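Biologist: Could you take a close look at the contact between the two chains, and then follow the parts that build it back into the chain they belong to? I would like one connected account that a first-year student can follow with the structure on the screen.

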Amino acid sequence: MATALTDRVLMKGNEAIAEAAIRAGVQAYFGYPITPQSEISEYMAAHLPEHGGAFLQAESEVAAINMVYGAAGAGARVMTSTSSPGISLMQEGLSYIVGSELPCVIINVMRGGPGLGNIAPSQADYFQATKSAGHGDGRNLVLAPSTIQEAADLTLLAFDLADRYRNPAMVLTDGITGQMMEPVAFREGPSLPREVPAWATTGAGDGPVRLINSIYLEPEALEAHNQRLQEKYRRMQVEVRSEAYLMDDAVVAVAAYGLTARIARTAVDRARAKGIRAGLLRPITVYPFPTQACADAAGQVAGILTVEMSAGQMVEDVRLAVEGRTPVRFYGRLGGVVPTPPEVLAQIERLLSEVKAR
Amino acid sequence: MADAIETTLPTQQLEAMKGVKKVPLEEFFTSGHRTCQGCESALVMKLMVKAAGPRTIVLGSTGCMYVANTTYYSTSWVVPWMHTQLGSSGSAGMGTAAALKVLMRKGKMKEEPINVIAFCGDGGGADMGLSAISAALTHPQYNFLILLYDNESYANTDIQLSGLTPYGAHTTFSPPGKAKRIMHRRWKKNVAGMLAAGHPECRYVATVDASYAVEMMNRVRKALTIGGPTFIHSLDPCPKGWDYDPMLSHELGELAVDAGVWPLYEVENGLLKLYGRTKQIAEKRARRKPVRDFLLKQGRFAHFTDDDIDYFQAKIDEMWTKWLIPGVIPFHTELDRDQPPA
């Protein structure tokens, strides 16, 4: 969508996410301070009340996610945000939300771990975000922005997807994207009208009893519930989004998401300048994962290099998609260290020489 | 065996220091920390462990006193120190005390009294970790002290509100504006009073203020000597969060007590004693200073109107004249209507 230059404002990633959520019609926000995402809460504290919304500071992330649970159950459009250790604390509540099928948006501005780790950017929560929503077999929808514009756009989309699937949608980003400033234009949303849903706990007397719970004591009943959820996750696969950059004639592909995709893009440009036909495959949704796009690339390129700020998490999804059709190599930096374009370029060249030697 | 499990191990018998000249010179919290200039909480750490002495294990939950004191491959702690999750000072402290006891009982460690102190900030202690502290105070068979250093905000993450932020204060979660001046309308939680009133197994609860340093250190010593799970709540002026010149930390700590905002008391085996300046005020041997003197030295109250100051004063007056136990337990025998300024 083209926007006039005057529509764009220079904003910090965290604040852009908060503003996008307000424009998406978020009605209640619950948060707890943690670096590097506290600006989201601060922005909400200052601006959500101006729009008639509820800002509430929780006493912990456990409380924040359960406030989300309560408010989503009552039918409000709700959101919380935190950074990695806070997401760990939210896991049980998240599982309840998934089990009870409540829509909500969760922002994870990832930082280095394990433990308290540090406040530097990281992508080490990929498994936690994409493989399960807390305990049990639940899944989050997970969106991974690479720019601040995309962070705003995907926040808006997250509310729509959450409502459409009655499921938590997570925006998975990192400390640099949260802290840096870029121009951003806001789109008005949401595309779905926001009425209080028929299933919400709005008080007795206007219809059948509404029950929101996640307990099914009969194993067969819980299995049936789970099968229904799995069917929903299969339906969610149509929401898959990815970007292919210079992939048409590529002989080597770099797979990266979020911040590392920006770095990989520069490395791909530099490879092209050296005459190497490199391309970038960038998942925008990491759950659902762009399996088909990866599989298609595998039939075309001589090898795929996956770059992450982790010890190698998304690379497992790339390997599952590729099914051995082409070599998949991994390059990662840990603990908040950000890979540089020359490092990635060297890895591209190394992969190519390895492939040629075979 | 049951007896060995139920009984409490002996504690270190730490005697009260009689005046500042009797305070030991040795430091167990030394240079090398990166706290702000004028940080009162760093002083609390230093005095706390000076009072406890060398045979002490300190645990600290996430907050300024963790991040500023134990990062970048350095630490100012001389005694063993361990980080704990933000809300877990109660549970991690109890875990450490339980482990020491079992290792000594099984002969894996020499039997001797070792102090365990788990500290937490106001966010970690009064918000996230309150249930863990409450649970810890119900286990009399373990010796450990929980010290809450209260700088009245999440100062480590840039001054967000906590459950202990005072009424009306400007924080990044409660920015005053033109349309709405007071963005924080909740009164500070009464943590020491609540813990003392609600935990019959806890033998010692105290409030302290490091501006009265010897008094403060002696409360730490008393808590560790009495044993079982004990709790101390320290009010710490914070130049960044309270927004004042760092040279005023000591003065603001005194003013909090002198204005009656921060009463000093201890509850020892159920017996309540006011002490220090608070005792003098209660016995009418000293006059309570106006809260205006305390509030207007701090930028976080710069947006207060006279009505706001009067309201704050009225609430403090109420605490001293209408509470069932003045300054400690806020039960009323008759209720007035609360009327904060619009």
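**The contact between chain A and chain B**

Modeller: Between chain A and chain B there are five residue pairs in polar contact, with both residues of each pair at pLDDT 80 or more, and I should say at once that this is a predicted model. Salt bridges are another matter, for the count between chain A and chain B is zero, although the structure holds 41 of them over all chains.

The extent of the contact can be given in residues or in area. Counted in residues, chain A brings 16 and chain B brings 18. The size of an interface is often given as the accessible area lost when the parts come together. By that reckoning chain A and chain B bury about 1300 Å² between them, and 65% of this area lies on carbon and sulfur atoms. On the chain A side, Glu42(A), Gln57(A) and Leu116(A) supply 39% of the area that chain A buries against chain B, which is more than any other three residues.

To see where the chain A side comes from, look for helix α2 (38–47) and strand β3 (54–57) of chain A, each of which supplies at least two residues of the side that touches chain B. The largest share of that side comes from α2(A), with five residues. Sorted by class, the side of chain A that touches chain B consists of eight nonpolar, five polar and three charged residues.

Helix α2(A) is also linked to another part of its own chain. Side chains of opposite charge can pair when their charged atoms come close. Here the side chains of Lys12(A) and Glu39(A) meet in a salt bridge, at 2.9 Å from N to O. Lys12(A) belongs to strand β1 (residues 9–12) of chain A and Glu39(A) to helix α2 of chain A, so this pair ties together parts that are 27 residues apart in sequence.

Strand β3(A), in turn, leads into a sheet. Following the strands across chain A, you pass through an open sheet of seven, in the order β3-β2-β4-β5-β7-β6-β12, with mixed pairing. Strands β3 and β12 (285–287) of chain A stand at the edges with a single partner strand each, and one side of each is therefore left without a neighbour in the sheet. From one strand to the next, the twist averages 20 degrees.

Strands of a sheet pair through backbone hydrogen bonds, either parallel or antiparallel. For an example from this sheet, turn to strand β6 (residues 141–143) and strand β7 (residues 168–174) of chain A, which run parallel and are joined by three bridges. There you can pick out Leu143(A), whose bridge partner in β7(A) is Val171(A).

Key. Residues are numbered from 1 along each chain as its sequence is written. Chains are lettered from A and ligands numbered from 1 in the order in which they are written. This is a predicted model: local features need pLDDT of at least 70, side-chain atom pairs count only at pLDDT 80 or more; totals for chains, interfaces and linings use all residues. Side-chain values use heavy atoms; hydrogens and water are left out. Contact means heavy atoms within 4.5 Å. Buried area is the accessible area (1.4 Å probe) that two parts lose on being put together, summed over both. A salt bridge is a side-chain nitrogen of Lys or Arg within 4 Å of a carboxyl oxygen of Asp or Glu. A polar contact is a pair of N or O atoms within 3.5 Å; within protein, one must be able to donate a hydrogen and the other to accept it, and residues adjacent in sequence count only if both atoms are side-chain atoms. Helices (H or I, at least four residues) and strands (E, at least two) are DSSP runs, numbered from the N terminus. Ala, Val, Leu, Ile, Met, Phe, Trp, Tyr, Cys and Pro count as nonpolar, Asp, Glu, Lys and Arg as charged, and the others, Gly among them, as polar. Two strands pair if DSSP finds at least two bridges between them. Axes are lines fitted to C-alpha atoms, for helices over the stretch in contact, and angles run from 0 to 180 degrees between N-to-C directions.
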